[in-house]
Structure formats: C-alpha cells, structure tokens
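Open your viewer and follow along, one selection at a time. Each stop tells you what to pick next and what you will find there.

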2 protein chains.
Amino acid sequence: MLIRTPGDLGAVIRDRRKRLKLDQATLAKRIGVSRQWVIEVEHGHPRAELALVLRALDVLGIPVDVNSGGPTSRGSTSAVDINAIVTKAKEGKT
Amino acid sequence: MLIRTPGDLGAVIRDRRKRLKLDQATLAKRIGVSRQWVIEVEHGHPRAELALVLRALDVLGIPVDVNSGGPTSRGSTSAVDINAIVTKAKEGKT
DNA sequence: TATAAATGTAGCCGCTCGCCGACATTCCGA
DNA sequence: TCGGAATGTCGGCGAGCGGCTACATTTATA
C-alpha cells in the first residue's frame, strides 16, 4: 500500500488495529498517546506529529518502506525522473 | 530503506534532495514550506506535520510503502509479534 | 430489551510548530 | 585568495496540536 496522504495512513492504521482486535484506548496506551489522538489520526488528521505516527505504525507492526532511489541506478533512467513519477501519481494510472 | 524514526526520514530526504541538485530554499518552495522547515526535517525533527512530510516525500519522488497486512505480504515479524500475541490470546473463535 | 463497551465530540489549557527576518558559518568555484 | 551561494541559528509571533474530562451516539452482548 502506497501512502501519499494522511488519509491513507489513517485507513491503514485503523484497519490494522481492528485486525489486531485492539480498541482505540488500548492502542493509544501502547503508543503512548491519548485516545483522541488515535481517533484523529484514523480519521486522517493531516497535522499529526511525525514521531507519534511512526511510533503508531511500529506498535501495529507496520513496516514503513521508502525507495531512496538506488544510487547504482538499477538499469533504468540514469537521471531522476521526478516529473514522470509525480505526473503519473497525479494522473492516477493509464 | 525502512523508516522507523524521524531521523531516518530526514536522512532520506536530505540525500534525495542533494541527488536532485536542489537547495533547501528551492525544495521548500516546491513543498510549500519555509526553508527552516526543510532544515528541521532534514535534521530529524520529530514533531513535523504529517501532511508536510508526505508532501515533501512526494515532491522528491520518494514512494512510501507500508505492509497493511496483506495475505501474501506476511511480514517477517522480527521485532514485535503483536499479531501472534493477540491472535493467540483471542484464539478460540471460529 | 437492557446493559455495557467502544467510538466520536466538545471545550479548556500549555506548549510547540512553522513562518518571518536577519545574521554567522561553511562550502565550493572563479 | 576572494566572493557568493548554501546552510544553520536566533528571537518573536500567531495558530493549532495533543492531553484531559465528560457526554452523546453507535454497536454488540447477555
């Protein structure tokens, strides 16, 4: 699942929480935040604290992976095609 | 690259920015934040806004991927086996 | 149906964010 | 060597976060 907005993240978190049969209060305690925080984040709160979000994902056992863009360029465009990436993302798909 | 702390994220962002030959000011403008924000985040600021961080990653063309617990994407669960724990505890249904 | 749990909402408060503007320092090229 | 750009730092300011308590609503259980 690609994350591009707080909403995506919220959905993932909520989904995972339910799968783990955890209620918001319990999850909140494990993360070290208030229940309200969990609610807000699950609803896609855009201004949540980075560290808390990462902690939440960690507690839920959700690994966050990013493509730092291999420096050795794995047989593809040598340069960086930000344009292509962003454009494609904006367009959606073909 | 697995992201577990704001520091990890900052490193990735900085690395990518340099690779794109962008200065902080330019990147900041593209993301829609101040230069100070870029500096803080690159230094691993733990309380940055989620949405801004995601936007930064997007601008830099860095896809963020998470394992929302797909059927075949059964993680290795090397760190915390919350799944196993909870599952076992809840076991008894079906 | 009645009860309890879980979820969502509201207002108040302290604290920090993110921004602005300016300046010091470091880095790199001419 | 010199100069300019890039980077990092400082102080102040308005705005909103995140925590708390209590309550309303929805859902699930007995």
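Before the first stop, a word on residue classes: Ala, Val, Leu, Ile, Met, Phe, Trp, Tyr, Cys and Pro count as nonpolar, Asp, Glu, Lys and Arg as charged, and the others, Gly among them, as polar. What you have loaded is a predicted model, in which local features need pLDDT of at least 70 and side-chain atom pairs count only at pLDDT 80 or more, while totals for chains, interfaces and linings use all residues. Residues are numbered from 1 along each chain as its sequence is written, chains are lettered from A and ligands numbered from 1 in the order in which they are written, and side-chain values use heavy atoms, with hydrogens and water left out.

**Stop 1: DNA strand C**

Select DNA strand C and the residues near it (a residue is near a strand if one of its heavy atoms lies within 4 Å of it). There are 17 residues around this strand, and A:Arg14, A:Gln24, B:Ser34, B:His45 and B:Glu49 come nearest. Of the strand C atoms that come within 4 Å of the protein, 74% belong to sugar and phosphate. Coloured by class, the surface near DNA strand C shows four nonpolar, six polar and seven charged residues.

Now look for polar contacts, which are pairs of N or O atoms within 3.5 Å; within protein, one must be able to donate a hydrogen and the other to accept it, and residues adjacent in sequence count only if both atoms are side-chain atoms. An N or O atom in the side chain of A:Gln24 sits 2.5 Å from a phosphate oxygen of DNA strand C. For the side chain of A:Arg17, the distance from an N or O atom to a phosphate oxygen of this strand is 2.9 Å. Move to B:Gln36 for a base oxygen of DNA strand C, 3.2 Å from a side-chain N or O atom.

**Stop 2: DNA strand D**

Switch to DNA strand D. Which residues come nearest to this strand? Of the 16 around DNA strand D, they are A:Ser34, A:His45, A:Glu49, B:Arg14 and B:Gln24. Sugar and phosphate make up 73% of the strand D atoms that come within 4 Å of the protein. By class, this surface has four nonpolar, six polar and six charged residues.

Zoom in on B:Arg14, where a side-chain N or O atom is 2.7 Å from a phosphate oxygen of DNA strand D. At B:His43 the corresponding distance to a phosphate oxygen of this strand is 3.4 Å. B:Arg35 instead has a side-chain N or O atom 2.8 Å from a base oxygen of DNA strand D.

**Stop 3: helices 2 and 4 of chain A**

Helices (H or I, at least four residues) and strands (E, at least two) are DSSP runs, numbered from the N terminus. Select residues 24-31 of chain A, which form helix 2, and residues 50-59 of chain A, which form helix 4. They pack at an angle of about 110 degrees, with their axes 9 Å apart. Axes are lines fitted to C-alpha atoms, for helices over the stretch in contact, and angles run from 0 to 180 degrees between N-to-C directions.

Show the side chains in contact (heavy atoms within 4.5 Å). From helix 2 of chain A come A:Leu27, A:Arg30 and A:Ile31, and they meet A:Leu52, A:Arg55, A:Ala56 and A:Val59 of helix 4 of chain A. This contact has five nonpolar, no polar and two charged residues.
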